[in-house]
Amino acid sequence: MNNDNEELDTIDDYYEGILSLFDEVEVVETIKLPKLMSNKFGSIDNNMMLQALGLLANDKEVEMLTKTKFRKADERFKEVEKILDLFDIQTRMVYDCLKNVGTEGASKYNIRRQTKSPNGMELTPQALNKILKNLENYNLIKCFKSIKYRRQNFYILSHLEPHPDHLPGNYYDLNTKKIKTEYIELVRNACLECVNYNGVNSIEEVHQFVINKGNRDFKSLTKNDIETMLEVLVYDDELQRVELDGLKYKPKLRVRLTVKNNIKIAKKFNLHPTGLSNIPCTSCPVFNKCSDTGDITPYNCQYLDKWLEF
């Protein structure tokens, strides 16, 4: 078989015919394969075509991107397949899971959920750790920490870079392609300092506080960068969101149990009681109804009076 529109008679003809499609397209959708083949070679036998596609996959000549798309295999894919052939089916399942999630990456929890066996059994944490270690040792995957989910390690194929949602704005070094860990810690502390001192802050207020800190590296921080950090602090249970004329953030309150006269008393206290952060207004349930006149005012607030005395 050498020319277009020449009849395909054998599996080998179909094998070569499918490969020739990649001279014109980079990725082939399985559902469109019959039409592409018939346009190029005329009448085709679907069964022989599918057998040839299966042989191409087994020979590692094509790479199945998804269940419905494939492309011609490159050298990297063939090398990866040689390495994966050294391991068991569970290792391949973990690799395929990370391949499917792409630049989003996956945490250990998500990997275990997405690699369940047909009977619903998950990989044990010990088994998954061993598999991930092996894949990392062969440089097939890599681990990164997400700025969005700071408490979890995420895994991704080694030749990919994490999605911008994981590495937003100024927290990611485009040159070294690494997260600015020390820089993140500085911004984190600056945001905490602002909210803990002032009690309740909007994103704009925290942004102004941080960029005016005197650190030249903070000048390029955007409001989105600050909002990302504030949300991280919420996830870390350091701050909490409040709706006071728009979204704002305040220090997270804790509950301390004390015993007096054999009675347990729960009292709220701030994790970082500095500056004005423990002012009762920040946790007042009727804050929005407070004004200079009326039934609820700062002038007749017994809680504010006690705080001022303190």
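## Overall picture

Of the 310 residues in the protein, 35% are buried. The model described here is a predicted one, and its chain is arranged into 11 helices and 13 strands. The protein exposes a surface of about 19300 Å², and carbon and sulfur atoms supply 49% of that area.

A further view of the fold comes from asking which parts of the chain touch each other. Among the contacts in the protein with a separation of 6 or more, 48% are accounted for by residues that lie 24 or more positions apart.

## A sheet of three strands

One part of the structure is an open sheet of 3 strands, in which the order is E4-E6-E5 and the pairing is antiparallel. The edge strands are E4, covering residues 106-107, and E5, covering residues 141-145, and each of these pairs on one side only. As background, the strands of a sheet pair through backbone hydrogen bonds, and the pairing may be either parallel or antiparallel.

Strand E6, which spans residues 153-157, pairs with E4 in the antiparallel sense over 2 bridges. Looking at single residues, Ala 106 has Tyr 155 in E6 as its bridge partner.

## Helices packed on the sheet

Helix H5, made of residues 89-101, packs on this sheet and touches E4, E5 and E6, while its direction makes an angle of about 85° with that of E6. Helix H7, made of residues 125-137, also packs on the sheet, where it touches E5 and E6, and its direction makes about 110° with that of E5.

Thr 91 offers a closer look at helix H5, in which this residue has its place. Is Thr 91 buried or exposed? Its relative accessibility is 3%, and because residues under 20% are classed as buried, Thr 91 counts as buried. Leaving aside residues up to four places away in sequence, Thr 91 touches Ile 131 and Leu 135.

## Aromatic pairs

The count of aromatic pairs comes to 4. One of them is formed by Phe 22 and Phe 70, whose rings are 6.0 Å apart from centre to centre with 80° between their planes, an edge-to-face arrangement. This pair links distant parts of the chain, since Phe 22 is in the loop between helix H1 (11-20) and strand E1 (27-29), whereas Phe 70 is in strand E3 (residues 69-72), 48 residues apart. Phe 22 counts as buried at 13% relative accessibility, and Phe 70 is buried too, with a relative accessible area of 0%.

Why is the pair of Phe 87 and Tyr 138 called edge-to-face? The ring centres of Phe 87 and Tyr 138 are 5.5 Å apart and the planes stand at 85°, so the pair is edge-to-face, given that planes over 60 degrees apart are classed in this way. Here again the pair links distant parts of the chain, with Phe 87 in the loop between H4 and H5 and Tyr 138 in the loop between H7 and E5, 51 residues apart. Phe 87 is partly exposed, with a relative accessible area of 23%, and Tyr 138 is likewise partly exposed, with a relative accessible area of 41%.

## An exposed residue in helix H4

Glu 75 has its place in helix H4, which covers residues 75-84. The relative accessible area of Glu 75 is 56%, so this residue is exposed, the cut-off for that class being over 50%. Glu 75 and Glu 61 are 14 residues apart in sequence, and the distance between them in space is 9.8 Å from C-alpha to C-alpha.

Methods. Residues numbered from 1 in each chain as written. Predicted model: local features only at pLDDT ≥ 70, side-chain atom pairs only at ≥ 80, totals over all residues. Heavy atoms only, no water. Helix = DSSP H or I, 4+ residues; strand = E, 2+ residues; numbered from the N terminus. Buried < 20%, exposed > 50% of the residue type's maximum accessible area, 1.4 Å probe, protein only. Contact = heavy atoms within 4.5 Å. Areas by Shrake-Rupley, 256 points an atom, 1.4 Å probe, with all protein chains shown as cover. Pairing = 2+ DSSP bridges. Axes fitted to C-alpha atoms, helices over the stretch in contact; angles between N-to-C directions. Phe/Tyr/Trp six-rings, centres within 6.5 Å; stacked < 30°, edge-to-face > 60°.
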